[in-house]
Amino acid sequence: MVRAAAGEEDARALLPEAVSVLTSFTNVTEPEPESYRSDRDMSWNMGADRSAATALPMVLLDGDLGALSGVARPDVAVAIESLATSTSTEVHQRLTASLAAVWGKDCEGDEAHQANHATATTVYRELLLGAGLEPWNGQERPHVRLAEPLDASLRQPDLRFDVAMAVNALPSLKTASASDCEHGQVARATLGILIEYDLRAWPAKWARHSYHGSGAWRRELDAWVANQVLAGDDESLDGYLDAFAAVPEQLAGLLTALADRAISPEQAQRLFEIWPTILDHLLPGARHVSGPDDKRPRWRDMVELDKALLPKRPDAAPWSGLAFGKILQRWMDAYAPQPSLCERLTLCLASFGHMISPEGVGLILRMLGDEPARILRDSQYAIGWLHLVLVERPHGLDAHRAVLRQLVDDLAARGSLEAIQVQRELEA
């Protein structure tokens, strides 16, 4: 079928038989039970659903292939929708990837495109409905299909929702949401339902557990929410700051997504409008501290939050240096000296061209502090930076030279071979 789509005449002659086999397979075969085989590829005999997930959307979206196949479009659509009930992650990924081209065409006034949009929307919905989990049976939590309406099912207090399976629908829903048609509206409403579920369930059930696949869910939703917030959605930002107040480190991904997506002048302005509110909630002294009976956050997760509170400018993004400076001042006042955050500070200053400027050097020295043992323990690149400003590019730093040299000597006295090498180069 793939060769037929590429125009091979011999393959096109076999197209009716190929499509007939794949559609009949999907319509009469029960979804494969979950087992160690569930994610094997198409080279195995239990991989026919993977083949169908790749090929059938091509027939649905290509009118010429559909006509050559001799199979009615509704039959192909039913077969594709049936594939969405599979428990195979690979089937889900192949389906959503193959259907992505649907959203490149507007469906208004075009019956075929309307039908294709409807099929894709049904597939995404089925991926979500199929992500329910039954109670633990001693060996696993079998999947169970949730009942419509989805919103009501996701509000059940005893619900177990497999976000690792549901996440396969998120990129496609986000793509579909950009459409102005009724199906785009459905996609936006579905994403709203998932956001509401996330606000309720993530802090209570998912945070600080690192369940398999949950990281992808977090990244996809953080990216969506960040775009909404940068577009002016204060309610989403307030909702996450409030709902995640007891697990503040779980917001690091959202903060990173906000900074990464602030690439236009309007988005940059919006970022600096909301960042003081973020700091008010999440800087040390303001954010929630876990009690003795709470599940403690991982140290590394807290460090990632500390880093994310200083936004890093994307390449060439039109950020205001003055606006960034105000954020930087609050961040420095909250953390300095803390050598473990020196790399973050250096990267953010470098994006503005200040990693080796006199102002930037002063800030980095302040963050490094004056405890050599702590610097060697917590800052991986401090000595490399000292080599840069003392040996490679020392111009214009006379005001800081004595402090920089003393720091090198202190680190060398602690036995740092790299610092000793810097001393030798300075004395050469």
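**Exercise 1. Find what links Arg401 to Asp398, and place the pair in the fold.**

Step 1. In this predicted model, a salt bridge joins the side chains of Arg401 and Asp398, with an N to O distance of 3.9 Å. The cut-off for a salt bridge is 4 Å, so the pair counts.

Step 2. Helix α23 (residues 398–413) holds both residues, 3 places apart, or about one turn of the helix. In general, an α-helix has 3.6 residues a turn, so residues three or four places apart point the same way.

Step 3. Asp398 is exposed because its relative accessible area is 62%. Arg401, at 30%, counts as partly exposed.

**Exercise 2. Examine the salt bridge of Arg218 and determine whether its two residues are buried or exposed.**

Step 1. The partner of Arg218 is Asp222, and their closest N and O atoms are 3.1 Å apart.

Step 2. Both belong to helix α13 (residues 214–230); because they are 4 residues apart, about one helical turn separates them.

Step 3. Arg218 has 8% relative accessibility and so counts as buried. Asp222 is buried too, at 4%.

**Exercise 3. Trace the connection between helix α8 and the loop that holds Glu148.**

Step 1. Helix α8 covers residues 111–129, and its 19 residues reach 27 Å from first to last C-alpha, close to the expected 27 Å. At its N-terminal end Asp110 acts as a cap, with a side-chain oxygen 3.1 Å from the backbone nitrogen of Ala112.

Step 2. Arg125 forms a salt bridge with Glu148, the closest N and O atoms being 3.0 Å apart. Arg125 lies in helix α8 and Glu148 in the loop between β2 and α9, so the bridge ties together parts that are 23 residues apart in sequence.

Step 3. Glu148 counts as partly exposed at 42% relative accessibility, and Arg125 as partly exposed at 22%.

Step 4. Glu148 is also joined to Pro149 by a cis peptide bond, with omega about 0°. In general, most peptide bonds are trans. Another cis bond runs from Ala336 to Pro337, with omega near -5°; Pro337 lies in the loop between α18 (321–335) and α19.

**Exercise 4. Arg344 is a buried charge. Establish what surrounds its side chain.**

Step 1. Arg344 is found in helix α19 (residues 342–350). Arg344 has no salt bridge; Glu304, the nearest side chain of opposite charge, is 6.8 Å away.

Step 2. The Arg344 side chain does reach the backbone oxygen of Leu310, at 2.8 Å.

Step 3. Beyond four places in sequence, the contacts of Arg344 include Lys307, Pro311 and Trp331.

Step 4. Trp331 is among the residues with the most contacts inside the largest nonpolar core, which has 123 residues. Helix α12 (residues 182–206) gives the most to this core, with 9 residues. Besides Arg344, Trp331 touches Asp306, Leu309, Leu310, Leu341, Leu345 and Met367, again beyond four places in sequence.

**Exercise 5. Describe the setting of Glu249.**

Step 1. Glu249 lies in the loop between α14 (234–243) and α15 (252–261). Its relative accessible area is 4%, so Glu249 is buried.

Step 2. Asp301 is 52 residues away along the chain, yet the C-alpha atoms of Glu249 and Asp301 are separated by 5.8 Å.

Step 3. Leaving aside residues within four places in sequence, Glu249 is in contact with Arg208, Pro297, Asp301, Met302 and Leu305. The Glu249 side chain also makes a polar contact with that of Gln250, at 3.2 Å.

Terms used:
Residues are numbered from 1 along each chain as its sequence is written. This is a predicted model: local features need pLDDT of at least 70, side-chain atom pairs count only at pLDDT 80 or more; totals for chains, interfaces and linings use all residues. Side-chain values use heavy atoms; hydrogens and water are left out. A nonpolar core is a set of buried Ala, Val, Leu, Ile, Met, Phe, Trp, Tyr and Cys residues joined through side-chain atoms within 4.5 Å. Buried means under 20% relative accessible area, exposed over 50%, partly exposed in between (1.4 Å probe, protein chains only). Helices (H or I, at least four residues) and strands (E, at least two) are DSSP runs, numbered from the N terminus. Contact means heavy atoms within 4.5 Å. Lys and Arg count as positive and Asp and Glu as negative; His and the chain ends are not counted. A polar contact is a pair of N or O atoms within 3.5 Å; within protein, one must be able to donate a hydrogen and the other to accept it, and residues adjacent in sequence count only if both atoms are side-chain atoms. The expected span of a helix is 1.5 Å times one less than its number of residues.
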